[in-house]
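Here is a friendly walk through one protein model, best read with the viewer open. Please keep the sequence at hand as we go.

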Amino acid sequence: MPVSLYGQGQSGYEMSFRPDVWYNDVDGIRIGSLFEGRMAGTGQEGPHRLDGGIWVSTWFPSLPVSYSLTYTEPLFMREESGDEFNIQLHSSVREGYQKHGASLNKRWQKADDYLNYWETGLGYYLEKRFDDEYTLFPDLWSDSWKGMLKPYLAHHQINRAGVFNLELFSRFNTLETSFYTASLSISQQIRLGGMWQLRLRGHGDIVSSDVYEEYRLFRASGSEIETLNRPVSRSKGTVPVLWSNRGFVHFSGGANIRGYRKSDVTSIKNSDPRAYERVGALNAELDFPNPVQPAIGNIEYLSEFLSFRTYLFSDAASATGHHDPDLDGLFANIGAGLALTLNIPDHLGKPRGFVIRYESPFWLSDPEGEKNFKWRHLLGFGATITF
């Protein structure tokens with residue numbers, strides 16, 4: 001259980017702390033604390049909100065102390081509906097990557113209806129990879145400072161069929177080499193009755209021809225920059241390096257043609273990454289009944305946070321813009337999988353937790369020397385289609 005310490009001064013400000021422990025192959029066991037700062041009695045919605053963490057590495061690398069800090073200040077807030085317009089300041093130096101900047105963010109929703117909302121914002125961040133030791137594939141990273149302008153738009157809605165998501169995100173580099181990236185994802189859950197449901201996702205990515213290596217697109221897991229989005233993929237060694245080097249591990253992101261992870265990793269290790277400038281994909285998952293989920297549902301409280309899925313999946317994509325046009329083309333896979341999800345939503349109802357998957361993409365349209373049909377193994381982290 002988290003241990004909370006509260007200190008209240010003239011400002012009526014409260015600080016709470018909870019321990020945090022993690023591991024990678026550079027820091028070893030990383031020990032620290034996550035913390036929050038809030039005005040007394042305002043919870044998650046008041047002014048002067050502070051969120052962050054500070055850690056010490058037990059293997060004492062060149063930079064043994066790391067931190068992440070985000071400060072949020074509402075500029076306008078309508079308490080009766082939960083609408084908010086805020087400014088966020090962010091600074092982090094951890095696991096070989098640093099990022100510093102600010103963003104303006106606006107959210108629209110009805111009162112107490114956190115599951116139906118629109119969000120938009122514009123941020124500017126200075127970013128740099130300063131230590132390649134943390135990366136699994138150092139050749140996929142630049143070492144230049146980037147000044148990234150980042151607009152985004154997000155929509156989440158509960159409709160008759162199920163849950164609908166839309167995310168539009170782009171980046172523009174303003175330092176040294178100018179380049180851009182843009183990404184659009186649309187997904188819909190369709191409840192079919194009982195444990196049966198269909199999950200559909202359409203996704204598109206485009207990057208300019210002079211983009212830095214960490215933004216180039218792979219078929220299976222998007223771009224390397226996306227590995228920073230979750231703790232399990234941020235540094236090598238959190239997941240065993242041997243597994244990752246064999247293409248056995250899949251981190252969700254991008255086009256998510258998961259069956260091509262082994263091929264993508266092989267191309268990287270051969271110093272000729274199979275990366276693209278344009279990718280468009282369709283992903284589908286069909287959930288079917290299993291005996292584990294009803295058992296979880298009978299456990300009070302646990303069923304609110306834990307779920308177990310079994311499903312068939314199919315992914316298809318068009319990938320173009322490789323330096324060798326002969327490697328452009330259409331790619332697809334079909335398979336089956338199971339997923340364990342632990343989700344403790346935040347105060348806005350957004351997912352917060354982890355997803356672990358075991359999947360077999362047993363058919364590939366372009367197996368590259370293997371049989372089309374083959375029992376393949378894949379350990380996945382993060383949901384391919386999230387709600």
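What follows is a report on strands, loops, nonpolar cores, cavities and a pocket in this predicted model.

## Paired strands

Let us begin with the pairing around β8. Strand β7, residues 117-129, and strand β8, residues 146-158, run antiparallel to each other and are joined by 11 bridges. If you want a point of reference for this pair, look for Glu127, which stands opposite Lys146 in β8.

On from there, β8 is also joined to β9, again in the antiparallel sense, through nine bridges. The connection between β8 and β9 is a hairpin of four residues. Here Leu149 makes a handy marker, as it stands opposite Phe172 in β9.

## Three residues in loops

Three loop residues are worth a stop. Phe60 sits in the loop between β3 (49-57) and β4 (65-78). Is this phenylalanine buried or exposed? Phe60 counts as exposed, because its relative accessibility of 57% is over the 50% cut-off. In sequence, 73 residues separate Phe60 from Glu133, while their C-alpha atoms are 13 Å apart in space.

The other two share a backbone feature. Most residues other than glycine have a negative phi. Glu176, however, is not a glycine and has a positive phi of about 50°. Glu176 belongs to the loop between β9 (163-173) and β10 (180-193), and its relative accessible area of 63% makes it exposed. Asn256 also has a positive phi, near 60°, without being a glycine. You will find Asn256 in the loop between β12 (249-251) and α3. With a relative accessible area of 1%, Asn256 is buried, because that value is under the 20% cut-off.

## Nonpolar cores

Now to the inside of the model. The largest nonpolar core has 27 residues, and Tyr215 and Val279 are the ones that touch the most other members. Elements giving two or more residues to this core are α3, β13 (278-288) and β14 (306-320). Apart from this core lies another one of six residues, including Val239, Val249, Phe251 and Phe381.

What does Val279 touch, leaving aside residues up to four places away in sequence? Its contacts are His203, Gly204, Asp205, Leu217, Ala255, Ala317, Ser318 and Ala319.

## Enclosed cavities

How many cavities of 30 Å³ or more does the structure hold? There are three of them. The largest cavity has a volume of about 190 Å³. Its lining is made of 19 residues, with Leu136, Ser233, Ser235, Lys236 and Phe251 closest to the centre. Phe251 has come up before, as a member of the core of six residues. Two elements, α1 (231-234) and α2 (241-245), give two or more residues to the lining of the largest cavity. The largest share comes from α1, with three residues. Sorted by class, this lining has eight nonpolar, six polar and five charged residues.

The second largest cavity has a volume of about 120 Å³. It is lined by 14 residues, and those closest to its centre are Ser221, Ser223, Glu224, Thr227 and Arg261. The lining of the second largest cavity divides into five nonpolar, five polar and four charged residues.

## The second largest pocket

Our last stop is an open site. The second largest pocket has a volume of about 450 Å³. Of its 27 lining residues, Gly259, Arg261, Lys262, Ser263 and Glu370 are the closest to the centre. Arg261 is a good residue to select in the viewer, as it is also among those closest to the centre of the second largest cavity.

Which elements supply at least two residues each to the lining of this pocket? They are α3 (261-269) and β16 (353-364). The element that gives the most is α3, with five residues. By class, the lining of the second largest pocket has nine nonpolar, seven polar and 11 charged residues. Helix α3 thus links several parts of this tour: the largest nonpolar core takes two or more residues from α3, and the loop that holds Asn256 lies between β12 and α3.

Note on methods
Residues numbered from 1 in each chain as written. Predicted model: local features only at pLDDT ≥ 70, side-chain atom pairs only at ≥ 80, totals over all residues. Heavy atoms only, no water. 1 Å grid on protein atoms, 1.4 Å probe; cavity = no way out; pocket = protein on both sides within 12 Å on 5 of 7 lines; lining within 4 Å. Points joined across faces, edges and corners; volume = space filled by probe spheres on them. Nonpolar A, V, L, I, M, F, W, Y, C, P; charged D, E, K, R; others polar. Buried < 20%, exposed > 50% of the residue type's maximum accessible area, 1.4 Å probe, protein only. Pairing = 2+ DSSP bridges. Core = buried A, V, L, I, M, F, W, Y, C linked by side-chain atoms within 4.5 Å. Contact = heavy atoms within 4.5 Å.
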